[in-house]
Amino acid sequence: MQRLTQAPNLAMATLWADALRNEGITTCIQRQYLSGGAGELPPDQCLPEVWVTEPAQFVRAQQLLSDLQHPPQRRWFCTCGELVEGGFEQCWACGAWMPR
């Protein structure tokens, strides 16, 4: 097993691990119950970690995690005339999907 990343909280670690599992990467979360020790232990040692179980999948997991952490930023005009920016694929004003 290799440590892929340390997450800021358990929710992010779980989201990242689940997204990687959906892509066929076998992962596990370590230190998920250690947050209660913060104060007695250094806080940075109590953060949850995402680990990749299979060494052969590690490089692919790094790329997928980078893609998850840095979604593409887009700028497009909806058919309703609204300017939509950021990583959004749906118009906030009318709910229409971004044209492909």
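## A viewer tour: sheet, helices and hairpin

Counting a side-chain nitrogen of Lys or Arg within 4 Å of a carboxyl oxygen of Asp or Glu as a salt bridge, the total here comes to seven salt bridges. Keep in mind that you are looking at a predicted model.

**Stop 1: one salt bridge.** Select glutamate 49 and arginine 3 and show their side chains: they meet in a salt bridge, with 3.0 Å from N to O. This pair ties together distant parts of the chain, since glutamate 49 sits in strand E3 and arginine 3 in strand E1, 46 residues apart. Side chains of opposite charge can pair when their charged atoms come close.

**Stop 2: the three-stranded sheet.** Now switch to a cartoon view and find the open sheet, whose three strands follow the order E1-E3-E2 with antiparallel pairing. Which strands stand at the edges? Select residues 2-6 for E1 and 27-30 for E2: these are the edge strands, and each has a single partner strand, so one side of each is left without a neighbour in the sheet. Look along the sheet to see the twist: neighbouring strands are turned by 30° against each other on average, direction ignored.

**Stop 3: bridge partners.** Add residues 49-52, which make up E3; four bridges join this strand to E1, and the two run antiparallel. Arginine 3, which you have already met, has tryptophan 51 as its bridge partner in E3. Also on E1, threonine 5 stands opposite valine 50 in E3. Next, turn to the other pairing: E2 and E3 are antiparallel too, again over four bridges. Here cysteine 28 stands opposite tryptophan 51, the residue that also partners arginine 3.

**Stop 4: helices on the sheet.** Select residues 10-22 for H1. This helix lies across E1, E2 and E3, and runs at about 170° to E2. Then select residues 58-69 for H2. H2 packs on the sheet as well, touching E1 and E3, and its direction makes about 10° with that of E1.

**Stop 5: where the helices meet.** Keep both helices on screen. At what angle do the axes of H1 and H2 cross? They come within 10 Å of each other and cross at roughly 125°, which means that H1 is oblique to H2. The crossing is right-handed. To see the contact itself, show Trp16, Ala19 and Leu20 from H1 together with Ala61, Leu64, Leu65, Leu68 and Gln69 from H2. By type, these contact residues divide into seven nonpolar, one polar and no charged.

**Stop 6: the hairpin.** Finish with residues 74-77 (E4) and 83-86 (E5), which pair in the antiparallel sense over four bridges. Arginine 74 stands opposite glycine 86, and tryptophan 76 stands opposite valine 84. Now select the turn: five residues lie between the two strands, and glycine 81 takes a positive phi near 95° in this hairpin.

Key: Residues are numbered from 1 along each chain as its sequence is written. This is a predicted model: local features need pLDDT of at least 70, side-chain atom pairs count only at pLDDT 80 or more; totals for chains, interfaces and linings use all residues. Side-chain values use heavy atoms; hydrogens and water are left out. Two strands pair if DSSP finds at least two bridges between them. Axes are lines fitted to C-alpha atoms, for helices over the stretch in contact, and angles run from 0 to 180 degrees between N-to-C directions. Angles under 35 degrees count as roughly parallel, over 145 as roughly antiparallel, 65 to 115 as roughly perpendicular and the rest as oblique. A crossing is left-handed if the near helix is turned anticlockwise from the far one by less than a right angle, and right-handed if clockwise. Contact means heavy atoms within 4.5 Å. Ala, Val, Leu, Ile, Met, Phe, Trp, Tyr, Cys and Pro count as nonpolar, Asp, Glu, Lys and Arg as charged, and the others, Gly among them, as polar.
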